[in-house]
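The following exercises concern a pocket and a sheet in a predicted model. Each task is followed by a worked solution.

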Amino acid sequence: MERGGRAALGLLALGALLGLCALPPPQPGPQRGEPRRGGQKTFRALLAVGREQQEQEQEREERQEAAGRAAPVRRGIFWSRELEARVPRGFAAEEAAAWPAAARAARVSSLERGGCGRSSNRLARLSDGSRACVRYGVSPEQIQGEALSYHLAGVLGMQQRLPPMALALVEPRGRQWEPVREELRGSLWAEGAVVSLTRWVDNLTAVVAPAPWGSEAGGGRRPRALSAAELGGLPAAQLVELVQWSDLILFDYLTANFDRLASNLFSLQWDPRVMRRATSNLLRGPDGGLVFMDNEAGLVHGYRLLAVWDPYHEPLLRSVCVFREGTAKRVAELHRRRSAAAELRRRYRAREPLWAHLGFLSERQAELLQARVDFVHRHIAHCRAQAAAL
């Protein structure tokens, strides 16, 4: 407030000068012992005016600053830049770029059961000291879905929320797997199978869905809408988490991943308290950011089951009317160019040497991805129109 203080002192000096100019002509000075009442009173009044102006200016600045903090949404539908800047960084692009080469170059020192989901998966200790979850899908399409979902997150600008991942071939006689040849025999993994190596992250904790998707979602399967109007009074920490949830719900709609919040909504019909429990395949990292785990159901397996799960995916998407502006821009560009599958294919082939072992989306799946991008774009436009009408 230094600048405000100097401005107030300037006003005080100017006011004093003007006030002195307006005083009546000087009168004979008082006799010794007689107080100089007129001049003393005028100067005190001027000081009071100056202090009042300074206090008003300070109050005005504090109100403006408070108004800025209380505006979590810009232009009716976008999270504020201040909130986005407070979202935990997640997995840096440098980490994601370095992990595939490091994971493929390291030897697998040991394979352990537990900690990585289904019983067919293993926790691998690598020769460079790192650890990785090795996911062996029930079918190859699950590993394909994991890999494609990971790279679609990159297309959408949200890959920092997913742990770095790479594909690898199970080759018991090869250099990478030779130290664990005996463990592989007991794992029932097929030789030559493609697995995913996802970087292990320590100290992950469970996440319970917040309103409007958590316990306040009600007994039905339709969560209430998250709009800008109800966000002003929420604490900053909760708003920062909601920024990440808006990306998560959009991501799960595009990939049709039912093995997260949609499956919890489905379970409401026999378990009314399920939304108060941990959300499947969603954890909190050490930095406080959300981690989108285990996306095997995305894009391939999920697309085969759209008729079952879209009654849950669509209400979830419609419950969000505030978005990260960067996410909305990427969706708009994919819609305008009709390039969702092409962008995904380009990124997948450039970053994953084993892509051909699993293949890409079928023509029908590529069409479904574009259709879902178009649907999200229309939903964002609808939210924008609603905000403009308020």
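**Exercise 1.** Determine where the second largest pocket lies with respect to domain 1 and domain 2.

*Solution.* Begin with the domain bounds: domain 1 comprises 72-87 + 203-389, and domain 2 comprises 93-199. Both domains give residues to the lining of the second largest pocket, so the pocket lies between them. Next, consider the residues themselves: the lining has 18, and Ala93, Ala96, Tyr150, Gln159 and Arg347 lie nearest the centre. Then assign helices: α4 (93-105), α5 (140-156) and α12 (340-351) each supply at least two lining residues, with α4 giving the most, 4 residues. Finally, classify the lining by character, which yields 9 nonpolar, 5 polar and 4 charged residues. The space in this pocket is about 310 Å³.

**Exercise 2.** Establish which strands stand at the edges of the open sheet of 5 strands, and describe how α4 packs on the sheet.

*Solution.* First, write the strand order, β3-β4-β5-β7-β6, in which the pairing is antiparallel. β3 (108-112) and β6 (165-169) each have a single partner strand and therefore stand at the edges, one side of each being left without a neighbour in the sheet. From one strand to the next, the twist averages 30°. Now examine one edge: β6 is joined to the antiparallel strand β7 (residues 194-199) by 5 bridges, and Ala168 stands opposite Val195 in β7. Lastly, place the helix: α4 packs on the sheet and touches β4 (122-126), β5 (131-135), β6 and β7. The direction of α4 makes about 20° with that of β6.

How values were computed. Residues numbered from 1 in each chain as written. Predicted model: local features only at pLDDT ≥ 70, side-chain atom pairs only at ≥ 80, totals over all residues. Heavy atoms only, no water. 1 Å grid on protein atoms, 1.4 Å probe; cavity = no way out; pocket = protein on both sides within 12 Å on 5 of 7 lines; lining within 4 Å. Points joined across faces, edges and corners; volume = space filled by probe spheres on them. Domains from an automatic or database assignment. Pairing = 2+ DSSP bridges. Axes fitted to C-alpha atoms, helices over the stretch in contact; angles between N-to-C directions. Contact = heavy atoms within 4.5 Å.
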